[in-house]
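Load the model in your viewer and set it to cartoon, with side chains available on demand. The stops below each give a selection and what it shows.

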Amino acid sequence: MTILCVRFQLPPTQESALPGLLGLLEEFTPVVEALPPDGALADLRGAERYFGRSAVELASVIRVRSLALHGVDCSIGAGPGPMLARMALREARPGVTCAVPEDAVREFLAGKPVAALPGVGAATARTLCEYGLDTLGRVAAAPLSTLQRLVGAKAGRELHEKANGIDRGRVVPNAVSRSLATERPFDRDELDPDRHRRALLSAAGELGARLRAVEKVCRTLTLTVRYADRSATTRSRTLEEPTAHSADLTRTAYALYEALGLQRARVRAVALRVEGLTPAERASHQLTFDPVDEKARRLEEVADRARARFGPRAVMPGGLAA
């Protein structure tokens, strides 16, 4: 086991702490791939030889240092490759590393549903299940030619390899992705468009506040709507100009939602992601003489000060101080 997949238990308002936590991992290996908003992959092959410890032992040291230096706990999955480390992470919990030894990979995968395999979407999973290939063990035992007829030549070969525990992925060092995200799940599958829009208003307001807190602006907004049948729809839109203005984000989120034309859709959750983050001082801004727009921006400044002083609950959804 040489690859760790780490998820730090970061509150949404502390995503800016991720670079420092990645620095902690880089004390053990330079091969670290950020998985924003709160995770990372780390290749410890060199570290195992250098420190004379296994990846699982190093994972314990990483967890202790994360708690001691940053006050942040983490969940860790370990495996022979990135795919297996990611899958192990799903079964990990804070304080315990879930490890998949190389000689136990097939046993670890065998009973899992096909949808648990990274890269297998809902449509592919349905196709496989229709032919009785509902677990990774059955997919691994199926002839390669059968899988290729069902999902295509390239996809069939990749599926066959992954189901058999062949993980050809690698950890690619990168910088922290320039994005922030938040999600609004519903207590039950929600049909009411007004509740959908209120959730989008709340999510856009949160993202705007977080952007302003780290003095960033975004260039793109992405909406994901998750449905009761576990499927999802994702749409993105490039903004007219980089912004951290909650009202701009809300208008764009509403436009993306309306463009979906949902009719009595049972929605389980809505999520927004802002991407293309750049420092606010580097962004150009179109001057406006609209008093309504200027008033909204001043209200945002007041709300941000209240939030900084009294915490997130000091500001109601929509940006007004409570």
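Which side chain does that of R268 meet in a salt bridge? Select R268 and look for D189: the model is predicted, and in it the N to O distance of this pair is 3.2 Å. The two residues come from distant parts of the chain, R268 from strand β9 and D189 from strand β6, with their positions 79 residues apart in sequence. R268 is partly exposed, at 31% relative accessibility.

Keep D189 on screen and add R266. This arginine also forms a salt bridge with D189, and the closest N and O atoms are 3.1 Å apart. Again distant parts of the chain are linked: R266 sits in the loop between α11 (246–260) and β9 (267–275), while D189 belongs to strand β6 (residues 179–190), 77 residues apart. How buried or exposed are R266 and D189? R266 has 48% relative accessibility and counts as partly exposed. D189 counts as partly exposed too, at 23%; the cut-off for buried is under 20%, so D189 falls outside that class.

Next, select α11 and show R251 and D248. Their salt bridge has its closest N and O atoms 2.3 Å apart. Unlike the previous pairs, this one is local: both residues lie in helix α11, three residues apart, or about one turn of the helix. D248 is buried, its relative accessible area being 17%.

For a group rather than a pair, select R184, E206 and R210, which are linked in a network of salt bridges. Over the model as a whole, the count is 13 salt bridges.

Now move to the hairpin. Select strand β7 (residues 216–227) and strand β8 (residues 232–243); the two run antiparallel and are joined by eight bridges. Where in β8 is the bridge partner of R226? The partner is A232. Four residues lie between the strands of this hairpin, and R230, in the turn, has a positive phi of about 75°.

Hide the strands and turn to the interior. Which residues have the most contacts inside the largest nonpolar core? Select M87, L109, L117, L136, V139, L147 and L159; the core they belong to has 31 residues. Elements giving two or more residues to this core are β1 (3–8), α4 (82–89), α5 (105–110), α6 (122–130), α7 (136–141) and α9 (153–163). Colour α4 separately, since its six residues are the largest share of the core.

Centre on M87 and show what surrounds it. Leaving aside residues up to four places away in sequence, M87 touches F108, L109, K112, A116, L117, P118 and L136. Another core lies apart from the one around M87; this second core has 28 residues, and F186, V217, Y254 and V270 are among them.

Finally, zoom out to the whole chain. The secondary structure comes to 12 helices and 12 strands. Of the 322 residues, 43% count as buried. Contacts between residues at least 6 apart in sequence can be sorted by separation: 64% of them join residues at least 24 apart. Switch to a surface view to end the tour: the chain exposes about 17,500 Å², with carbon and sulfur atoms supplying 51% of that area.

Terms used:
Residues numbered from 1 in each chain as written. Predicted model: local features only at pLDDT ≥ 70, side-chain atom pairs only at ≥ 80, totals over all residues. Heavy atoms only, no water. Salt bridge = Lys/Arg side-chain N within 4 Å of Asp/Glu carboxyl O. Buried < 20%, exposed > 50% of the residue type's maximum accessible area, 1.4 Å probe, protein only. Pairing = 2+ DSSP bridges. Contact = heavy atoms within 4.5 Å. Areas by Shrake-Rupley, 256 points an atom, 1.4 Å probe, with all protein chains shown as cover. Core = buried A, V, L, I, M, F, W, Y, C linked by side-chain atoms within 4.5 Å.
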